[in-house]
Amino acid sequence: MVVEIGKIQIGGPRFTVIAGPCSIESENQFLSTAQAVKSSGASILRGGIWKMRTSQKSFQGLGSDSFNFIKKVKAQVGLPLISEVTDIRQIEEVAEFVDAYQVGARNMHNYSLLTELGRQKKPVMLKRNFSAYIDEWLKAADYILAGGNDQVILCERGIRTFETATRNTLDLNAVVYAKKHSGLPVVVDPSHAVGIADLVPPLCYAAAAAGADGIIVEVHPKPSEALSDGDQALTFEVFNKTMQQLEKLLAAFDRGLNKA
Ligand code: PEP
Ligand code: MN
């Protein structure tokens, strides 16, 4: 199955890099990040509008206050955008400017949300819950597929294990297993899997070597000032260097990057 976000094909021979901030924080932050990741070779933008935070006191996302400037930034940069919907009502609200919907790890079991996304025409990226068996993740995808939306991408974003040194544990088994058994494109989110910026680049390479269809990576102009997930965000410079290395690694597997 090949899924198209904008004009970018995910699940074909080329590897796709989705990048951007964890949360969209301001017009400047989003624009500068979008421009930087595009010039380094990312072909799809990410950015959270509503955030599912563990603490209610943490930044919850700008929500509808960001819609106008997101449209402006997209028009300026010219890349498609994937963003998380945490509630059925948001699907319609962002339909005008979001090119693919993300289902977050915490909502993988939200079957009414998945069913509604199954009625949409746009692609859906389904993140694996940190406690879900692979089988539960693939069965969750069926809720979207059953509605007639076959544009589904799976995303492995790390699971909870006994290990506490890293935020989660990247399950590359799940990537190769899901590729073989689901028939859907599978991307890797090394940022949430490891939670430590320095360790993100090697996991990007590991994802490509394992045969993933792409990666989704968090990048921020000033990670130490990020309103969410600053510890795992790459600077523009590190992201750029990572992209250069990634292209070399992909070449060894006779693959190239999807270009915007
Ligand atoms: C995110 O992509 O910023 C996010 C919240 O991811 P997850 O749902 O995997 O925790
Ligand atoms: Mn995040």
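This short talk goes through a metal site, an aromatic cluster and a charge over a ring in one predicted model.

Residues are numbered from 1 along each chain as its sequence is written, and chains are lettered from A and ligands numbered from 1 in the order in which they are written. Because the model is predicted, local features need pLDDT of at least 70 and side-chain atom pairs count only at pLDDT 80 or more, whereas totals for chains, interfaces and linings use all residues, and side-chain values use heavy atoms, with hydrogens and water left out.

Let me begin with the manganese ion, ligand 2, whose protein donors are C22 through SG, H192 through NE2, E218 through OE and D229 through OD, at 2.0 to 2.4 Å. Donors here are N, O and S atoms within 2.8 Å of the metal (3.2 Å for Na, K and Ca), and since water is not among the atoms, sites may look incomplete. Along the chain the donors are spaced as C-x169-H-x25-E-x10-D. Both C22 and D229 are buried, that is, under 20% relative accessible area with a 1.4 Å probe and protein chains only, where exposed is over 50% and partly exposed lies in between.

Turning to the rings, W50, F67 and F97 are linked into a cluster by ring pairs, a pair being Phe, Tyr or Trp rings (for Trp, the six-membered one) with centres within 6.5 Å, stacked under 30 degrees between planes, edge-to-face over 60 and tilted for the rest. W50 and F67 have ring centres 5.9 Å apart and planes at 80°, so they are edge-to-face, while F67 and F97 are tilted, at 5.0 Å and 55°. F67 has a relative accessible area of 11%, and F97 has 3%, so F97 counts as buried.

Finally, the charged end of R160 sits over the ring of F130, 4.3 Å from its centre, which requires NZ of Lys or CZ of Arg within 6 Å of the ring centre and within 35 degrees of the ring normal.
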